[in-house]
Amino acid sequence: MITGSKQDSAQAGLPAPASGACRVPEPGAVEAEFTGVDGMLVQRRWVEAAVAVRFEQLAPVAAFPVVPGRRWAPGWWWSATTGRHVMHGSQAMCLQLMVLDRDPQVVGLSARPVRLIWRDPDSGRTLTWVPQLFARYADGRALLADCPSAAAPAAGRAARAAAVLEAACAAVGFTYRRLAPPDKVVAANVRWLAGYRHPRHSDAGRLEQAVLQAFTEPRPLMAGAAAAGEVLTALPVLYHALWHGRLAADLTRPLGEHTLVTPGPATGNGEQEQHGR
């Protein structure tokens with residue numbers, strides 16, 4: 001069993017466009033457009049804005065479109081990391097927000113905070129792209145990401161934009177990724193645990209210490225909940241601890257009463273939880 005807390009999301013991406021597939025502009029020729037504190041659009045050179053602007057604090061530079069007939073409309077995700085809502089525009093994006101929100105190294109999240117603008121070296125046309133997500137990490141790293149719904153290589157305009165954004169981000173110490181959709185079992189488990197991310201579940205019935213104590217050694221989920229106290233009260237506390245990494249389990253298998261739960265990094269072993277991505 002591999003145990004621990006959360007996933008290093010910045011490393012999980014779909015294959016990059018083939019090298020040499022298209023020419024990209026020099027990073028110094030790329031512009032960044034974002035919403036200033038006064039609500040007005042601001043445009044600066046990307047290499048300057050990346051250093052000076054806290055993109056994790058910005059409102060979306062462009063609204064998510066509402067597509068008639070689509071079952072999924074734009075919505076809001078309440079982030080346990082920031083205590084604020086982050087907008088999302090698709091199921092795939094919402095799921096990636098959950099994964100990033102659960103990453104212990106992520107300290108900031110925002111949606112569509114910047115539009116990159118450049119002149120295409122081949123056609124001479126001015127092109128733009130608004131990546132869907134921005135994440136700031138505790139060590140200062142930053143991630144710009146898009147959230148495709150399928151694990152297929154980028155094509156057409158998306159492939160060209162990915163090549164430009166990868167180069168522009170690398171020039172300033174950022175990372176750009178097209179985040180691969182998680183395995184279906186991992187996704188279902190993360191969605192379930194996300195329902196218990198709010199602090200109100202941390203010590204329900206004053207059972208937090210009892211729950212953590214019940215899993216000082218690896219133990220089946222339901223057996224530990226029963227040992228901690230009244231099961232229906234203990235389970236939300238247990239799931240909250242699993243979300244935040246104080247307890248850990250193998251999320252590549254469906255969570256259930258027989259799932260082996262172990263101490264998480266916050267309680268001592270420091271290994272990484274297996275997410276299957």
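**Questions on rings, strands and burial**

Me: How far from the centre of the Tyr137 ring is the charged end of Arg141?
Reply: The charged end of Arg141 sits over the ring of Tyr137 (NZ of Lys or CZ of Arg within 6 Å of the ring centre and within 35 degrees of the ring normal). The model is predicted: local features need pLDDT of at least 70, side-chain atom pairs count only at pLDDT 80 or more, and totals for chains, interfaces and linings use all residues. Residues are numbered from 1 along each chain as its sequence is written, and side-chain values use heavy atoms, leaving out hydrogens and water. From the ring centre to the charged end of Arg141 the distance is 4.3 Å.

Me: Which residue lies over the face of Trp77?
Reply: The face of Trp77 is covered at 3.6 Å from the ring centre. The residue lying there is Arg197.

Me: How many strands does the protein have?
Reply: Helices (H or I, at least four residues) and strands (E, at least two) are DSSP runs, numbered from the N terminus. Alongside 7 helices, the strands of the protein number 13.

Me: What geometry does the aromatic pair of Phe34 and Phe55 have?
Reply: The structure holds 8 aromatic pairs (rings of Phe, Tyr and Trp, its six-membered ring, with centres within 6.5 Å; planes under 30 degrees apart are stacked, over 60 edge-to-face, the rest tilted). In one of them, Phe34 and Phe55 lie 6.1 Å centre to centre with 85° between the planes. This pair links distant parts of the chain, 21 residues apart: Phe34 is in strand β1 (residues 31-35) and Phe55 in the loop between α1 (46-52) and β3. The geometry of the pair is edge-to-face.

Me: Are Phe34 and Phe55 buried or exposed?
Reply: Buried means under 20% relative accessible area, exposed over 50%, partly exposed in between (1.4 Å probe, protein chains only). Phe34 has a relative accessibility of 6%, and Phe55 has a relative accessible area of 1%. Ring pairs also link Phe34 and Phe55 with Trp46, Phe134 and Phe174 into a cluster. Phe34 and Phe55 are both buried.

Me: To which residue does the backbone nitrogen 3.1 Å from a polar side-chain atom of Ser79 belong?
Reply: Ser79 is placed in the loop between β3 (75-78) and β4 (85-88), and with a relative accessible area of 0% Ser79 is buried. Not counting residues up to four places away in sequence, Ser79 touches Arg84, Val86, Asp101 and Leu109 (heavy atoms within 4.5 Å). The backbone nitrogen that lies 3.1 Å from a polar atom of the Ser79 side chain is that of Thr81.

Me: Why is one side of β11 and of β12 left without a neighbour in the sheet?
Reply: The sheet is open, with 3 strands in the order β11-β13-β12 and antiparallel pairing (at least two DSSP bridges between two strands). One side of β11 (219-220) and of β12 (247-248) is without a neighbour because each stands at an edge with a single partner strand.

Me: Which residue in β13 is the bridge partner of Ala248?
Reply: Strands β12 and β13 (residues 260-263) run antiparallel and are joined by 2 bridges. In β13, the bridge partner of Ala248 is Thr262.

Me: What is the relative accessible area of Arg206?
Reply: Arg206 is in the loop between α4 (184-194) and α5 (208-214), and its phi is near 55°, a positive value in a residue other than glycine. Arg112, in the loop between β5 (106-111) and β6 (115-119), also has a positive phi, of about 45°, and counts as buried at 14% relative accessibility. Arg206 is exposed, and its relative accessible area is 76%.

Methods. A polar contact is a pair of N or O atoms within 3.5 Å; within protein, one must be able to donate a hydrogen and the other to accept it, and residues adjacent in sequence count only if both atoms are side-chain atoms.
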